[in-house]
Amino acid sequence: MKVEFLGSYREDLPKDHFKEVVFVGRSNVGKSSLINMLVGEPVARVSKEPGRTRSINAFLLEGRIKLVDVPGYGFAKVSKAERESWKRLIESYFRERRQNIRCVFVLIDSKVGPTDLDKLMIEWLRHINIPYKVVLTKTDKASQKELSKSLELLKVVGVNEVIITSAKEGKGKKELYRSILEVVEG
Ligand code: GTP
Ligand code: MG
């Protein structure tokens, strides 16, 4: 797959006309790894320490689809000021790119299941009326029981369709790609 790094932003978001899909989720949930799995090269920076991605990073897939990696939420060790700046960045990003965003992929750890912040993110996306899809990550680390539990908890909050992935095993790559094409072309 052809992919190029477009840039890293903290403010002055670009004003291009690309259609874009966004990857959000808890810090350390595997956003950057999932993007790398999808494109087949390590374009996004992956780290063992949570809270690594501090800015918005954008990649261009096949010269036409923008993939956006946003900083994760819910990392306990950040100051109130950092949380505020995260909120400002995310809100201005969604406001400025509303017309370009085709779908937000909300990543949830399959072993942990949906956290309160994940549910809040889903509620907020529903509220601002932006299409979203839920992706379960790191299934290689979850037992069948944990995975079923996560799916069940998602159903409780009205999420019935889930893309199941493992960046480590390359699982769900086709489904994710298909889903991106669907939202961009559909
Ligand atoms: P932030 O940028 O800090 O918000 O994190 P992120 O959501 O981008 O997570 P990242 O992709 O950096 O991965 C965090 C850690 O989880 C790294 O140590 C990855 O190697 C690991 N990881 C990511 N995906 C998988 C997976 O599918 N399976 C396993 N076992 N580990 C994974
Ligand atoms: Mg990251």
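How many nonpolar, polar and charged residues are there in the lining of the largest pocket? In this predicted model, the lining breaks down by class into 12 nonpolar, five polar and seven charged residues. So much for the make-up; next comes the pocket itself. It holds about 610 Å³ of space. A total of 24 residues line the largest pocket, and those closest to its centre are Tyr-73, Gly-74, Arg-83, Trp-86 and Lys-87. Two elements hand over two or more residues each to this lining, namely α2 (80-96) and α3 (116-127). Of the elements, α2 chips in the most, with nine residues of the lining.

Then there is the matter of cavities. The count of cavities of 30 Å³ or more comes to one. About 50 Å³ of space lies inside the largest cavity. Which residues line the largest cavity? The list runs Tyr-9, Leu-13, Pro-14, Glu-20, Ile-56, Ala-58, Lys-66, Val-68, Tyr-93 and Arg-97. Two strands turn up here: β3 (56-61) and β4 (65-69) each put at least two residues into the lining of the largest cavity. Sorted by class, the cavity lining comes out as seven nonpolar and three charged residues, with no polar ones.

Put side by side, the two linings read like this: the largest pocket has five polar residues in its lining, whereas the lining of the largest cavity has no polar residues. As for elements, α2 and α3 each give two or more residues to the pocket lining, while β3 and β4 each supply at least two to the cavity lining.

Conventions: Residues are numbered from 1 along each chain as its sequence is written. Chains are lettered from A and ligands numbered from 1 in the order in which they are written. This is a predicted model: local features need pLDDT of at least 70, side-chain atom pairs count only at pLDDT 80 or more; totals for chains, interfaces and linings use all residues. Side-chain values use heavy atoms; hydrogens and water are left out. On a 1 Å grid over the protein atoms alone, a cavity is a set of points where a 1.4 Å probe fits but cannot get out, and a pocket is an open set with protein on both sides within 12 Å along at least five of seven lines; lining residues have an atom within 4 Å of a point. Grid points are joined across faces, edges and corners, and a volume is the space filled by probe spheres set on the points. Helices (H or I, at least four residues) and strands (E, at least two) are DSSP runs, numbered from the N terminus. Ala, Val, Leu, Ile, Met, Phe, Trp, Tyr, Cys and Pro count as nonpolar, Asp, Glu, Lys and Arg as charged, and the others, Gly among them, as polar.
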